[in-house]
Amino acid sequence: MKKTLLILFCIINSTLFYAQSNDDIAKVYFKRAKEKLFTEINPKKALAQFNKALKYKDSITNYKNAWLGTHIYYELGKLNDAHKYAKQYFLLAKNKNSEEYNTFLELYITIKEEIEEKQVEEKRLEEERIRKELELKKIDSLKTVWHKKSEALSINADSIYQFNKKNIAVFEKSGNFGIIDDKGLVLIKADENNKAVKSFDGFILLLNKKEKPTKILCYNTSTKNSFSLPAVSDFNPLSTHYGKVMLPRGNGRLVTYPNNSLKALVYDLNERKFVNISNLKDLFKILKKADKIDKFNKNGQVKLHKKWYEFGGHIGGGVHPLYNEDYTIYGYLCSIDGTVLKSTDFANLGYFYNEKLQAIKNGETIWLNQNGSSVDAPKDESGIYTGDSKIRKLENGNYQIQQNGVIILGDKKLVKMADFLRQNSTPKAPETSKKE
């Protein structure tokens with residue numbers, strides 16, 4: 001029994017000694033913390049010493065240490081911690097009439113006010129953050145809306161060529177050609193029947209084949225009307241295609257060279273009819289008298305340099321194609337001076353208009369006058385575009401048409417993204433009722 005009491009006494013004595021030792025160590029650190037704060041004016045080092053003291057204390061039991069902790073944390077701007085130690089001070093401090101108590105009360109009130117101000121500011125900042133977040137979400141949503149609208153106002157095409165003075169242009173899509181206006185409205189679709197295009201002097205021809213077409217669609221950019229040319233068999237029952245198609249001219253005349261034909265096809269695009277010589281015999285007599293041909297016969301043949309040729313009609317300017325019996329072209333008689341332009345030099349000639357006619361030489365277009373001399377190319381009467389539309393190619397390969405920075409497609413319009421966001425993001429002012 002005595003032995004047990006001795007052991008218990010030793011344990012209690014050891015515990016009291018240990019506790020007493022911790023209190024002493026904590027006091028040293030609290031003292032150092034106070035010196036760091038008020039002598040060295042270094043609240044960070046003061047906090048380090050204060051925390052070391054707390055390692056030897058389970059809790060703050062002295063109002064002076066609570067007072068110290070409050071000041072340290074206040075100087076560091078850690079208001080919540082300062083507030084915690086301040087409340088601990090009021091629990092421990094007994095003399096509420098002392099100057100220290102009243103001074104500390106002033107600090108406590110200041111801490112509470114600063115916490116409240118901080119909370120108000122934090123609330124304001126949070127509300128601002130939420131407002132900006134919602135605004136950004138709205139902007140992202142508006143951008144998505146703008147992109148969808150922009151895509152809806154896009155033109156799916158591989159190429160859009162220059163507009164003419166009538167605000168019309170040719171466009172290409174997947175190897176097919178169509179016609180569009182400067183507002184983006186498709187006037188003629190780019191479909192399988194439009195594999196090639198011939199455009200000049202205000203007329204656009206869409207051919208169903210690049211070579212030897214069997215269908216031709218004409219669009220008149222002045223009248224904004226379109227029509228299909230008659231079947232080539234209406235011109236010549238033996239012909240199965242239009243052959244070489246020349247450029248249309250400003251007077252509406254078009255020349256093609258159908259197969260199995262002994263004369264050139266001349267078509268009036270304005271009148272929509274074939275053009276034939278009304279009195280061939282009278283023309284032959286004039287040519288014979290002018291010594292441009294040697295002879296002619298009732299079969300529509302003319303003799304020139306001791307050889308008979310099929311008379312191939314009139315392509316304007318007194319120029320007449322001459323055919324061999326096998327449907328090949330021998331040449332072109334220029335009746336103004338009797339010159340014969342051999343087909344070996346000029347494969348095909350277009351209609352004579354405005355003192356010039358198109359000629360194909362070695363696969364390229366050149367221009368001649370009515371006696372076959374080379375001249376400068378004529379001015380395309382399609383004209384130069386003077387409108388406001390600008391063609392813009394997008395990254396996805398589509399096109400858009402803009403007028404003064406506004407995307408248009410027909411009657412639909414879309415402003416620039418920046419303007420769209422500004423117009424739809426700015427809150428509308430509340431309506432005010434008018435005073436009577």
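Here is a walk through one sheet and the two largest pockets of this model. The model is predicted, with local features needing pLDDT of at least 70 and side-chain atom pairs pLDDT 80 or more, while totals for chains, interfaces and linings use all residues. Residues are numbered from 1 along each chain as its sequence is written, and side-chain values use heavy atoms, without hydrogens and water.

Start with the sheet. Four strands (DSSP runs of E, at least two residues, numbered from the N terminus) make an open, antiparallel sheet in the order S9-S10-S11-S12. At the edges sit S9 (244–245) and S12 (273–274), each pairing on one side only; pairing takes at least two DSSP bridges. S11 (residues 265–268) is joined to S12 by two antiparallel bridges, and here aspartate 268 stands opposite lysine 273.

Now for the pockets. A pocket is an open set of points on a 1 Å grid over the protein atoms alone, where a 1.4 Å probe fits, with protein on both sides within 12 Å along at least five of seven lines; lining residues have an atom within 4 Å of a point. The largest has a volume of about 370 Å³, counted as the space filled by probe spheres set on the points. Of its 16 lining residues, Phe30, Lys31, Asn62, Lys64 and Asn65 lie nearest the centre. H1 supplies the largest share of that lining, six residues.

The second largest pocket holds about 260 Å³. Its lining runs to 15 residues, with Lys210, Glu211, Lys212, Gly243 and Lys244 nearest the centre. S5 gives the most, three residues, and edge strand S9 also supplies at least two.
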